[in-house]
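Visitor: I'm new to reading protein structures. Could you walk me through this one, feature by feature?

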Amino acid sequence: MRIAVLRERAERESRVALTPETARKFIALGADVAVEAGAGQNAAISDADYVEAGASVTSRAQAAEGADIVLAVQAPPPDDLQGAKPGAMVAAIFDPFGRQDRVQGYATAGLEALAMELMPRITRAQSMDVLSSQSNLAGYKSVLLAANAYGRAFPMMMTAAGTVSAARVFIMGVGVAGLQAIATARRLGAQVSATDVRSATREQIQSLGAKPVFVENVEGIEGEGSGGYASEMSEEYRAAQAELVSSHIARQDIVITTALIPGRPAPRLISDSQIASMKAGSVIYDLAAAQGGNVEGSRADEAVTIHGVTVIGHANTAGLLAADASALYARNLFNFFSAFWDEESGRPQLDEEIGDAIRLTRGGAVVHPQLVGQSPPD
Ligand code: NAD
């Protein structure tokens, strides 16, 4: 079993899918590990660290040569994997609904594409869930970046020169990222409130010491929602939410938006006129900027000033914590493969529940039920 790890080539991608720790663990399972030179450089892992762990460090083409498994953060172009074995498994983030052309390329190349972001939300897959591990870090970093862009302090300070009042922080969308954003803003001393469409989050918000702000007159999503995910809300709900947000947001200094709906553009939560109601100098961090944006006018990887409010949103916020993000991502991949490692054949044998949920291509065809029969975009 040969495992290959290539250097990430996507713009602003600083993470790597293998750490020396997981290299050692894969080798202990009986695999050979080949890493492209420089793969860990942006995550503070040197080639020598990989060699010390027992991996070989080589050129891109040689690393891919004869690979049975390729590990990546963002799926590499299939052309880069020409030397891999027929049917090799590629575990990575694929953005399968946005990049159907690439999925088709994997099918044509005869590779088995495994989209780690489609990992089902079941208890036994928690340790394999790359969305959770990366969102947690992104939620933390979003608060730090917003605090950095804010020209005032977060905690209340009583000084001889007068009192500085606590910042008011509002978190919209309380999934993994939102919960970590609440905790981080609280630790920095802010007054925190938060909202979500799923009723189960109300208690979670309270347990972190923040104030829940919820639409009361129109029903949201009871409990956790299907698989923990939100769906698109009714017109009536959206109108009630907009009204609630309008009255709340004008009094906020920092807003962090994290709302996502799987396979769909991010829901619009903040309009231009709501931004206009905020005080000049306020900051909005849009964690969904790259998925279409929760905030009108936000642009991925750019800071824009709208009505005196700074609106920011990096496309790859977790990647700004490259070392931790890589360590957790690499462990997710190891947990995934090792759970299915078959000692007799010395290779992973995926089961139906998880395999069918994440497999995009196999045997030369696109096989994922949500993609079969859809033509790739022009
Ligand atoms: P997500 O990234 O899909 O979305 C972020 C949040 O935005 C969610 O809480 C969602 O409800 C919210 N949202 C969507 N539309 C909204 C709108 N219009 N207005 C306000 N909020 C909106 O979610 P996530 O962070 O991946 O987590 C969602 C849930 O799944 C959490 O309860 C989490 O604990 C659970 N989860 C479970 C597992 C597991 O069991 N393996 C793994 C990961 C997450």
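**Strands side by side**

Guide: Sure! Let's begin with a pair of strands: β9 (residues 168-172) and β10 run parallel and are joined by five bridges. Keep in mind that this is a predicted model.

Visitor: What holds strands of a sheet together in general?

Guide: Strands of a sheet pair through backbone hydrogen bonds, and they can do so parallel or antiparallel. For one bridge to look up here, find M172, whose partner in β10 is T195.

Visitor: How does the chain get from β9 to β10?

Guide: Follow it through helix α6 (residues 176-187): this β-α-β crossover is right-handed.

Visitor: Is β10 mostly covered or uncovered?

Guide: Mostly covered. Strand β10 spans residues 191-195, and four of its five residues are buried.

Visitor: Which strand do two bridges join to β10?

Guide: That's β11 (residues 211-212), which runs parallel to β10. Look for S193, which stands opposite K211 in β11. To get from β10 to β11, the chain passes through helix α7 (residues 201-207), and that β-α-β crossover is right-handed too.

**The whole sheet**

Visitor: What is the order of the strands in the open sheet?

Guide: Read across its seven strands and you get β11-β10-β9-β12-β13-β15-β14, with mixed pairing. The edge strands are β11 and β14 (304-306), each of which pairs on one side only.

Visitor: Where could I look at β13 and β15?

Guide: Go to residues 283-286 for β13 and residues 309-312 for β15; three bridges join them, and they run parallel. One spot to check is V283, which has T310 in β15 as its bridge partner.

**Around the ligand**

Visitor: Now the ligand. How many residues surround it, and which are the closest?

Guide: There are 22 of them, and the closest are R121, V176, D196, R198 and Q241. Sorted by class, that shell has 10 nonpolar, seven polar and five charged residues.

Visitor: Which atoms of V176 and D196 should I look at?

Guide: For V176, pick a backbone N or O atom, which lies 2.6 Å from an oxygen atom of the ligand. For D196, go to the side chain instead: an N or O atom there is 2.6 Å from a ligand oxygen. You can also find a polar backbone atom of G175 at 3.1 Å from an oxygen atom of the ligand.

Visitor: And how much of the ligand does the protein bury?

Guide: Taken alone, the ligand exposes 840 Å², and the protein buries 89% of that.

Note on methods. Residues are numbered from 1 along each chain as its sequence is written. This is a predicted model: local features need pLDDT of at least 70, side-chain atom pairs count only at pLDDT 80 or more; totals for chains, interfaces and linings use all residues. Side-chain values use heavy atoms; hydrogens and water are left out. Buried means under 20% relative accessible area, exposed over 50%, partly exposed in between (1.4 Å probe, protein chains only). Two strands pair if DSSP finds at least two bridges between them. A crossover is right-handed if, with the strands pointing away from the viewer, the path from the first strand over the helix to the second runs clockwise. A residue is near a molecule or strand if one of its heavy atoms lies within 4 Å of it. A polar contact is a pair of N or O atoms within 3.5 Å; within protein, one must be able to donate a hydrogen and the other to accept it, and residues adjacent in sequence count only if both atoms are side-chain atoms. Accessible areas come from the Shrake-Rupley method with a 1.4 Å probe; for residues, only the protein chains shown count as cover. Ala, Val, Leu, Ile, Met, Phe, Trp, Tyr, Cys and Pro count as nonpolar, Asp, Glu, Lys and Arg as charged, and the others, Gly among them, as polar.
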